[in-house]
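Me: I've got a structure open and I'd like to talk it through. Can you walk me through the sheets, the cores and the odd spots in the backbone?

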Amino acid sequence: MTQDAQKPVALVVDACTPLYDRDSGSQDTLQYIQALQHLGFHVVFVPFACDFTPQYTPYLEAQGVECIYPPRAHSLQEAIRKEAPRARLVLVFRHTVLATILPNLRECAPDAKVILETVDLHHLREMRQAELGGDDEMRRAALNARDNELDMIAQSDAAILLSQYELDYLASLPAAGNLVHIPIARDIPPQPTSDFQSRRDILFIGVFRHPPNADGICWFTNTVWPLITAKDDDIKLHIVGAYAPDSVSDLASDKVLVHGHLPDLAPLMQSVRVGIAPLRYGAGLKGKIITTLGNGVPVVSTSVGVEGASYVPGTHVLVADEPQAFANSVLALYREEVLWQALASKGRDFVTSEFSVAAFRDRFAALLSDLGVTP
């Protein structure tokens with residue numbers, strides 16, 4: 001694909017080609033690519049492995065994105081050497097990716113602005129996982145990751161934080177760098193037509209390459225679910241997400257349906273009554289909550305799940321951390337139509353205003369203006 005000579009180049013680098021129908025992080029990457037195009041940039045995309053991904057690379061190319069893979073370049077470093085010199089800005093997802101290319105970037109494109117999209121603070125998520133499991137070795141690894149992550153944030157021209165909590169946390173540290181809060185964005189579907197009475201069952205969504213998802217749904221199914229079914233044995237639990245490990249697949253039963261990857265969530269979103277986000281650790285913003293609320297399905301979450309957003313517990317979501325409290329919240333939403341209607345409406349209205357594509361693009365455009373790289 002040839003570049004439009006009238007458009008400045010934005011080079012985008014991520015750990016892999018976005019799998020637009022499989023995980024929340026990929027949807028976030030696509031939102032940034034589309035925002036850059038909307039703002040007038042020609043986008044060049046390079047995945048970490050510099051590879052061609054069937055279905056997903058052609059999808060990007062069909063959207064007008066210039067994708068780099070063999071024989072154009074055979075490695076990420078080769079791609080940076082060849083493509084970065086023409087870029088006005090370089091957007092890199094994840095500090096681990098930036099760490100491998102930053103010296104090369106600064107040498108090949110000294111005038112380009114480098115933006116790090118943190119995705120989530122990896123060291124914060126890893127530290128919480130270590131604390132939950134009492135794992136000293138994991139705790140030491142998280143501390144090492146912390147040093148590396150903070151270094152990449154400080155060396156970038158701007159670092160994007162999805163969560164207000166993470167922004168406040170980093171702002172309290174010395175030499176934090178240029179920090180910007182830009183929440184994730186979602187295309188909110190039309191107002192759902194199905195009502196409380198026509199809906200049944202409970203839904204969990206989450207890609208299982210992300211460890212908090214497997215931990216959370218296993219905790220829920222083993223500790224909370226029996227408390228729910230003891231009160232109502234007709235409810236079913238739907239678990240949706242790619243790359244389920246054995247620990248998740250083994251949860252399957254006549255009442256627990258492990259669907260795996262579903263390209264189209266709309267039918268389930270139109271039929272389930274309650275969504276859950278039973279995360280015990282993590283960081284960043286939770287796309288599963290935003291997506292579920294945006295579809296008009298109220299959500300019960302842990303405190304970790306709602307961290308960093310401005311949800312009002314009891315108004316936009318229900319929040320509980322202990323098994324019995326979580327079960328009680330799910331049953332209340334499941335049984336009480338007035339409560340369900342209130343949270344379904346207010347939750348959807350909230351994510352529509354806070355996480356809309358328009359609001360996201362305005363925030364991102366303001367960052368580029370501050371960096372002096374607007375087209």
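Reply: Sure, we can go through the sheets, then the packing, then a few unusual backbone spots, keeping in mind that this is a predicted model.

Me: Let's start with the seven-strand sheet. What's the strand order?

Reply: The order is E3-E2-E1-E4-E5-E6-E7, in an open sheet with parallel pairing. E3 and E7 are the edge strands, each pairing on one side only.

Me: And how is E4 tied into its neighbours, E1 and E5?

Reply: E1 (residues 9-14) pairs with E4 in the parallel sense over five bridges, and E4 pairs with E5, also parallel, over five bridges. Val92 is a handy residue to click on: it is the bridge partner in E4 of Val13, and its own partner in E5 is Leu116.

Me: Is E4 enclosed or open to the outside?

Reply: Largely enclosed by the rest of the structure, because six of its seven residues are buried.

Me: What about E6, which residues sit on each face?

Reply: E6 covers residues 158-161, with Ala158 and Ile160 on one side and Ala159 and Leu161 on the other. Those four are all buried, so both faces of the strand are covered.

Me: How many bridges does E6 make to E5 and to E7?

Reply: Three bridges join E5 (residues 113-117) to E6, and three join E6 to E7 (residues 179-181). Both pairings are parallel. On the E5 side, Ile115 has Ala158 as its partner in E6. Towards E7, Ala159 is partnered by Leu179 and Leu161 by His181.

Me: Which strands does H3 touch when it packs on this sheet?

Reply: H3 touches E1, E2 and E4, and its direction makes about 170 degrees with that of E1.

Me: OK, now the six-strand sheet. What's the order there?

Reply: That open sheet runs E10-E9-E8-E11-E12-E13, with parallel pairing. Its edge strands are E10 (256-260) and E13 (318-319), each pairing on one side only.

Me: How many bridges hold E12 to E13?

Reply: Two bridges, with the strands running parallel. E12 is residues 299-301, and the partner of Ser301 in E13 is Val319.

Me: Which strands does H8 touch on that sheet?

Reply: H8 (residues 211-229) touches E8 (202-205), E9 (237-240), E10 and E11 (274-277). The direction of H8 makes about 175 degrees with that of E9.

Me: Switching to the interior. Which residues have the most contacts inside the largest nonpolar core?

Reply: Leu11, Leu98 and Leu105 do, in a core of 37 residues. H4 (residues 95-108) gives the most to this core, with five residues. Apart from it lies another core of 32 residues, including Phe208, Ile217, Cys218 and Leu251.

Me: Zoom in on Leu11 for me. What does it touch?

Reply: Leaving out residues up to four places away in sequence, Leu11 touches Val44, Val46, Ile80, Glu83, Ala84, Ala87, Leu89, Val90 and Leu91.

Me: Different topic: at what angle do H5 and H6 pack?

Reply: About 170 degrees, with their axes 8 Å apart; H5 is residues 122-133 and H6 is residues 136-155. Angles over 145 degrees count as roughly antiparallel, and that makes H5 roughly antiparallel to H6.

Me: Which residues make that contact?

Reply: From H5 they are His122, His123, Glu126, Met127, Gln129, Ala130 and Glu131. H6 brings Met138, Arg139, Ala142, Leu143, Ala145, Arg146 and Glu149. By class, the contact has six nonpolar, three polar and five charged residues.

Me: Last bit, the backbone oddities. Where is the cis peptide bond?

Reply: The bond from Pro70 to Pro71 is cis, with omega near 5 degrees. Pro71 sits in the loop between E3 (66-67) and H3 (76-83).

Me: What's the phi of Cys50, and is the residue buried or exposed?

Reply: Phi is near 50 degrees, a positive value in a residue other than glycine. Cys50 lies in the loop between E2 (42-47) and H2 (56-62). Buried is the word for Cys50, at a relative accessible area of 1%.

Me: And what about the phi of Arg94?

Reply: Arg94 also has a positive phi, of about 85 degrees, although it is not a glycine. Its place is the loop between E4 (87-93) and H4. Arg94 is partly exposed, with a relative accessible area of 21%.

Conventions:
Residues numbered from 1 in each chain as written. Predicted model: local features only at pLDDT ≥ 70, side-chain atom pairs only at ≥ 80, totals over all residues. Heavy atoms only, no water. Axes fitted to C-alpha atoms, helices over the stretch in contact; angles between N-to-C directions. Parallel < 35°, antiparallel > 145°, perpendicular 65-115°, else oblique. Contact = heavy atoms within 4.5 Å. Nonpolar A, V, L, I, M, F, W, Y, C, P; charged D, E, K, R; others polar. Core = buried A, V, L, I, M, F, W, Y, C linked by side-chain atoms within 4.5 Å. Buried < 20%, exposed > 50% of the residue type's maximum accessible area, 1.4 Å probe, protein only. Pairing = 2+ DSSP bridges.
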